Amino acid sequence: MIIEDDPRLRDAIQVSIEEDGYEFYEAASVQAGIAVITQHHDIRVIILDLEFPGDKGVTFLEYIQDKASYYRIIVLTAHDELLAAENASRYKVFAYQAKLTRLAVQSLKFAVERAFQDIEGEILKQKITAHLQIQQAINKNQDLGEILNLICRHLVTLIRGFTCHIRVFDLKKGDFELKGCAGPFPNMQEIFAERKPLGDQYSGKVAETGVAEIIDALQEDPPFIAQKEAFLKTANGSDALAEYFAVVKSAYILPVIT
């Protein structure tokens, strides 16, 4: 994503590196940049100007600070327009680049390439760490629920998901019981605790068919709308339940057979 108020400069940046096959998003202001990154979670590298007529670029850096490790920030600079070293470290600025000139084009292309390579390296390290921790838990014969909770926590981090939960088939009762769960709320289990019979929306249906299902727009999906209304009527004032149903956007349900 390019956050820059000069459309000519945005076009020049895009033209200079579009041949490398990147998908671009543009924003002419800090607030527009925040709106774009909220909608498009696939963004990885951000080219950011620090100076705007309204909000400064630092406002954007503060907005993403909690998730700064997901991104690589390349700050466009003019003259001495730099963050102090401690702030650059705090906001995890990956690189500084002079505003585009003929001499700066190759440097910017190289910075973008290095940024993506750095992200790939970080993701690989996270995957290796996750694999080792899960394998250690299995080798120690830890409780199944503890292992599945660990898997859910790693999945949420690695795929930048909102929530993750795992149900296990209960051979005695013939339905699916929640065994693993992770997400932004301390009481996530409350949201998914209801047992699921085979064939029921959504995980029950996927378990019955054995076919993975992707729902891109949950808030527009009739079964979800009905489930949302039913759950909220019996939520007993649960803020977590209400917030989950208000903000969740999509779902990927995968059958796992062992």
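Start by selecting Ile214, Tyr252, Leu254 and Val256, which make a nonpolar surface patch of about 480 Å². Patch residues have over 30% relative accessible area and no salt bridge (a side-chain nitrogen of Lys or Arg within 4 Å of a carboxyl oxygen of Asp or Glu), with nonpolar side chains joined within 5 Å; areas come from the Shrake-Rupley method with a 1.4 Å probe. This is a predicted model, in which local features need pLDDT of at least 70 and side-chain atom pairs count only at pLDDT 80 or more, while totals for chains, interfaces and linings use all residues. Residues are numbered from 1 along each chain as its sequence is written, and side-chain values use heavy atoms, leaving out hydrogens and water.

Within the patch, Leu254 is found in the segment after strand 10 (251–253). Strands here are DSSP E runs of at least two residues, and helices are H or I runs of at least four.

Next, select the open sheet: five strands, order 2-1-3-4-5, with parallel pairing. Its edge strands are strand 2 (26–27) and strand 5 (93–98). Pairing requires at least two DSSP bridges between two strands. Strand 3 (45–49) and strand 4 (72–77) are joined by five bridges in the parallel sense, and Val45 has Arg72 as its bridge partner in strand 4.

Add helix 5 (104–139), which packs on the sheet and touches strands 3, 4 and 5. Contact means heavy atoms within 4.5 Å.

Finish at Tyr70, in the loop between helix 3 (57–63) and strand 4. Tyr70 counts as partly exposed because its relative accessibility is 24%, between the limits for buried (under 20%) and exposed (over 50%). Beyond residues up to four places away in sequence, Tyr70 touches Arg44, Ile119, Thr157 and Arg160.

Methods:
Patch = residues over 30% accessible without salt bridge, like charges linked within 9 Å, V, L, I, M, F, W, Y side chains within 5 Å. Axes fitted to C-alpha atoms, helices over the stretch in contact; angles between N-to-C directions. Buried < 20%, exposed > 50% of the residue type's maximum accessible area, 1.4 Å probe, protein only.
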